[in-house]
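These are my notebook entries on a single chain model. I set down each item as I looked it up.

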Amino acid sequence: MTRGDLARRVATAAAFLPLLAAALFWAPPIVLILVVAAAASIGLWEFYALVRVRGVQPLRVTGAVVAMLFFVQTVRPALVPSAVLPVAAVIVLSVMLTRAGDVPGSVTSAALTLLGAAYLGGLGGTLAALRQAPYELGGPWVTMLLLTTVMTADSAALFVGSATGRHKMAPRISPGKTWEGLAGALVGGVAGALVIRQLRLPWLPLTHAVVLAIAVTLAGTAGDLAESLLKRWAGVKDSGHLFPGHGGMLDRLDSLLFGAPVLYYYLLYAR
């Protein structure tokens, strides 16, 4: 990373972090939910744009509808039946029949349409749903736990990997990622999570905080690699150019989308 890239990243973060903090701490939960919904929609559009680079024509309108079903079913389960996945599959496969003239293309189109909807709609829904954590559990601080864990893990991985990285983790997918960087990410993620736990989440047992931080960091790393694989498949460097120095929306969401379900299902079933 050049000094210019680093400067653009810092400037972009300085511009957007206050807006995110305002939506997270000083606005009703619905505001952040709508922000996440908008971000997921942009990410879905970028996902389908990457698919189009490979010559596949996704069912973009259908995908957006199905993604909305996934999202709402997670955030407001009472509004959408729990059988949303089978319903989504029926919708996509039915629309696929309208493109039956190109049999291989229509099947690939349907598969990637459903994948994008589940990726951005389903996982995006778990990210939005964290903001609904009860006040006694910390409310917005649960979301802050996720954000801090991912950001400190990402920063530690960057600096440790740049300084000491020698052993490539997945050279065919992301040549810059190393096992040393992952070790730094785990330490950074745990440190960030413990700071938030100490500040605002006293109900969270120490061992749980450590295990959750490790799980979120590993999930976030998997999410980063999954998006890198998608970009390598499409032959592009970034999913978009929305954030100078940071790439597109999907580049910013990848780790969060994989890390959010860890905390979401912990709150739902394991707490």
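I began with the accessibility of E227 in this predicted model. Its relative accessible area is 1%, and because buried means under 20%, I entered E227 as buried.

I then looked for the charged partner of E227. It is K231, and the two form a salt bridge in which the closest N and O atoms are 3.6 Å apart. Both residues belong to helix α8, where four residues, or about one turn of the helix, separate them. I noted the general point that side chains of opposite charge can pair when their charged atoms come close.

Next I asked whether K231 is buried or exposed. With a relative accessible area of 11%, K231 is buried.

I also checked K231 for a second partner, and I found D251. The closest N and O atoms of this salt bridge are 2.9 Å apart. D251 lies in helix α9 while K231 lies in helix α8, so this pair ties together parts that are 20 residues apart in sequence. I recorded D251 as buried, at 6% relative accessible area. Through shared partners, the salt bridges join E227, K231 and D251 into one network.

How many salt bridges are there by this rule? The count comes to four. One of them is between the side chains of K177 and D224, at 2.8 Å from N to O. K177 is in strand β2 (residues 174–178) and D224 is in helix α8, so the pair connects parts 47 residues apart in sequence. D224 has 15% relative accessibility and therefore counts as buried.

Since α8 kept appearing in my entries, I examined the helix itself. Helix α8 has 29 residues (residues 206–234). I wished to know why a span of 42 Å should be expected for it. The expected span is 1.5 Å times one less than the number of residues, so the 29 residues of α8 should span 42 Å. The end C-alpha atoms are 42 Å apart, which agrees. After α8 comes G235, which has a positive phi, near 75°.

I then turned to W233, which is also found in helix α8. Its relative accessible area is 30%, so I entered W233 as partly exposed. Which residues does W233 contact, leaving aside its neighbours within four places in sequence? They are L50, V51, R54 and L112. I also compared W233 with S41: 192 residues separate them in sequence, and their C-alpha atoms are 21 Å apart in space.

My last search was for enclosed space. In general, rolling a probe the size of a water molecule over the atoms shows where empty space is left. By this rule I counted one cavity of 30 Å³ or more. The largest cavity holds about 30 Å³ of space.

I listed the residues that line the largest cavity: V142, L145, L201, W203, L204, L212, L263, Y266 and L267. By class, this lining has nine nonpolar residues, with no polar and no charged ones. Helices α6 (140–164) and α9 (249–270) each supply at least two residues of the lining. Which helix gives the most to the lining? It is α9, with three residues. I closed the entry by noting that α9 also holds D251, the salt-bridge partner of K231 in α8.

Terms used: Residues numbered from 1 in each chain as written. Predicted model: local features only at pLDDT ≥ 70, side-chain atom pairs only at ≥ 80, totals over all residues. Heavy atoms only, no water. 1 Å grid on protein atoms, 1.4 Å probe; cavity = no way out; pocket = protein on both sides within 12 Å on 5 of 7 lines; lining within 4 Å. Points joined across faces, edges and corners; volume = space filled by probe spheres on them. Nonpolar A, V, L, I, M, F, W, Y, C, P; charged D, E, K, R; others polar. Buried < 20%, exposed > 50% of the residue type's maximum accessible area, 1.4 Å probe, protein only. Contact = heavy atoms within 4.5 Å.
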